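Here are a few exercises to work through with the model open on your screen. Try each one before you read its solution.

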Amino acid sequence: MVVTPTLLALFTMALLVLGSSLARASHQMRGDDPLLGRSLFRFYPLEVSETGIYRWSRPEATLFLYGYDGRAVVTSLRLAAFRPADQPVALVHLRGDTIDPGSFPVDSVWRTYHLLMPMRPTGETPLHFTTEAYQPPADPRELGVALSDVTITATPGLMLHPVRLVYLLGWPLLVWLVLVRLRASPRLAVAGGLVMALGVGWAAAFPVEAGYWWPTLGWPWWPLLPLALLMAAPQLGVLLAGVRSYLVTHQALSLAGIGLALGALLALRLGFAVAPGMLLLVVGTWLGQAWLKRAASRQGLLSTRNAVLILALFGLLALGTRLVNLDTQPAGLWRDESRHGLQALRIWEDPAYRPVYVVEGADLPAMLFYLMAPVIGSAGPHPWSVRLVSALAGALTPLALYWASAPLIGRRAALVAAGLLASASWALSMSRWAFPATLDHLLVLTALGLVWRTLPVEASRLSLLDVPRTKPEVDQYRGSVASCVIGMALAGLLGGLAMYTYHTGRLAPIALGAAVVIRLGLNPHLWRKAAPGLAIALVVGALTITPLGLAILGDLEGYNRRVGTVSWLDANNPDSRAPLALALDNLQRYALAYHAVGERNGRHHLPDVPLLDPVTGLLLALGLGAALPRLRQQPGFLVVVALGVIYLVPAVLSNDAPHAMRALGTLAPACMLAGIGFVGLRYGLGSSPDQTDEPSPSPLTATVARVHPKNAPGLPLVRTVPLMLLGVSLLFNLWLYFGVMRLEPRVYGEFDLVETAVGRLIQQQHRQNNLASEDLTIYLPEPLRTTDTVRFLTWGIELGRYDGRPLEAEGSAVLLLPASADEAEQAAAMAALGAEGRALGVVATTPNGAPLVLAFGRGQAADRILR
């Protein structure tokens, strides 16, 4: 512990010196350099003309500089501001953290401007541009200056700032120490440190590239704090073990910790500071683990009959909450929903239109549209009909979650997970609009249940909460070749179909593959026995995705276009452009999204409100704390955690974090962990099994079980507390979604309320045959008439066009305008209707009663629209 790290540090230092001696003192980036493109914020795409290769800035823009941390550099910028001769010369104001040279003119010809400035010792160094906006003729863009070349030249001095030196030097030591604490072999630990030392040498030799990909972040806490904690790990382990022993004998303190965690979650919702609130949550969760570890070892088996009854109730709850008021909540359609409906109508009516992946107009695989087509084609274009498929998929997902999680975490925990998912406001928001994200997770969870149940496994690896006790049950879990082949074929089919749903469906093979590896472990006998099933799964899956594969080969750029546009590298973050910094920032946002600060988009959830209710958040924290130490003993727990990580990665690596739809795949694992937390919490409170026989303890509880005395004071009351918490969770989520979100302008204002209201009015008149029988024509302004939502809701209905000119003089007419129309627009509408034109008033309002649509008409038939 002394000689090895000393030698490793000396070797790393030698590489740092060697790399610094090889590093260039100057780095040039031309306009088409990918690194320069990734370093720019609020710049337009690359342009090529006879004057060169360059990028236009917006009036407010930022250039991020990397490398040469803590040193003075000369930054050379090749700029131009092309303006007509009659336009004034552009003035550019540059400013950094510690410099503000003021404004200077930029000519219409290329010139190089030099700026002496210090680089930050940590992180990225921003250089902000401020230019008066210029809009060229026939160009909608607001332009600042054109940038074609950036050169950074370091002044003489030490190539590595002391902060950067210590930061890089700590990484090999950190890797070596982590491997040592994980009890890896000494050779492996040293090899890991040496490999990291080589990376440190590269960072010293290429300071600009390393500054972009591997900036100095978290200083001084990183890496000094982890190094100190790892070095003191044995002493800390003894201390924590003593505290845990004390908590076991002082249950009130552990219970107080659970109360502290719940209080922290409630305080965070009420606006308590995030950092101390999350710290209290972590401390309370750790204290509460001692109480969970006192779970009764004899939980017993939950009978199949009772499990089916409870699951049926949860299924009805999920179905009811997803179908009630589906036509009016959300209050309006979103344009993407309407586009999906238009795709379904086109599939229904055009036999020649059979897409596999729709690039233009949807940017999604076409499975959802095929499922929608018979519903919309039969029932007509309505908000409820376009949303029905997604709602039904969301209603079935709790059942799929139970199917997948029962063999992973036990029946009781799986039932709790299904119940939490059935009522979660996050799941309701994602289920009650026309998007395919719910289809993805329905298929993957069903396939996961098939994989885990049908693959062969040794009896010694049956680490379930509800361990099978009889030989037929054990044989069923061990699996047969026939059941393995059939089950894996179905799993391959469902996994392949998941790739036709949403963008996250691309993770289905990874998620299912991880489950296979965890299930079979390193046992070659099991792999040989499972080989037929695995082979058939690969064949069926490959055949299933063949049409999609052919479509991808035909338009690979179109297939990846949406994924590329939402990449975390293109995040709209004015403070950073380094990938590692952006990823860590996103990871922090998602860590807070479940408990503190949620999604900002009202279409996905109530803005800024945590994605999970306080009860589910508490159970998730407790379950995660209980699961992490048992990952080696509980393969099912490892699958749950792996599933959450797999579906969190694409969310972290995309922009607009936190994003409730892209992270929806983490909701099912979160509910599973919450189910584990509930089981530990309830049986830690002294509940006894309801089964007369005494089966052997399950692996989760056998190692930590201590059964409470059955005559403990107040036991019947405290036994019901976890169940009461579940009831609170249910009521809270229903109140949040159907009470608060229904009337919240930040939610319904994100949808196309005007377009939806106009479409409904026209549908009503068409359904009552007023348009044909009474010669009534409804006119819409052209920008409103051509919106996707109006086009969808008025599919097959002939409408009149209004462009500000007088309308046809014959017949009754109604002209609809948004309530936001000003007095001049309203007067023009009256004039267009002629002498008989009159204002009919407000004909549609928001959920809060605010005016939404105004109607103007002539003729008696026009008055019918008021009804």
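The exercises below deal with two helices and then with aromatic rings.

This is a predicted model, so to speak of local features pLDDT of at least 70 is needed, side-chain atom pairs count only at pLDDT 80 or more, and totals for chains, interfaces and linings use all residues. Residues are numbered from 1 along each chain as its sequence is written, and side-chain values use heavy atoms, with hydrogens and water left out.

**Exercise 1. Work out which residues of helix H35 are buried, and what they pack against.**

Step 1: Find the helix. H35 covers residues 823-833; helices (H or I, at least four residues) and strands (E, at least two) are DSSP runs, numbered from the N terminus.

Step 2: Pick out the buried residues, meaning under 20% relative accessible area, with exposed over 50% and partly exposed in between (1.4 Å probe, protein chains only). You should get Ala-829, Ala-832 and Leu-833. They cover an arc of only 100° around the axis, which puts them on the same side of H35. That arc is taken from the directions from the helix axis to the C-beta atoms.

Step 3: Flip to the face turned away from the buried side. There you meet exposed Glu-823, Ala-824 and Ala-831.

Step 4: Look for the packing partners, with contact meaning heavy atoms within 4.5 Å. The buried residues of H35 pack against strands E14 (800-802), E15 (812-818) and E17 (851-858).

Step 5: Check what comes just after H35. Gly-834 has a positive phi of about 95°.

**Exercise 2. Check the span of helix H19 (residues 508-520).**

Step 1: The expected span is 1.5 Å times one less than the number of residues.

Step 2: H19 has 13 residues, so it should span 18 Å, and its end C-alpha atoms are indeed 18 Å apart.

Step 3: See what follows. Gly-521 comes after H19, with a positive phi near 65°.

**Exercise 3. Classify the pair Tyr-357 and Tyr-559.**

Step 1: Rings of Phe, Tyr and Trp (its six-membered ring) pair if their centres lie within 6.5 Å; planes under 30 degrees apart count as stacked, over 60 as edge-to-face and the rest as tilted. The whole structure holds 19 such pairs.

Step 2: In this one the centres are 5.1 Å apart and the planes at 65°, so the pair is edge-to-face.

Step 3: Tyr-357 belongs to strand E11 (residues 357-358) and Tyr-559 to helix H22 (residues 556-565), so the pair ties together parts 202 residues apart in sequence. Both Tyr-357 and Tyr-559 are buried.
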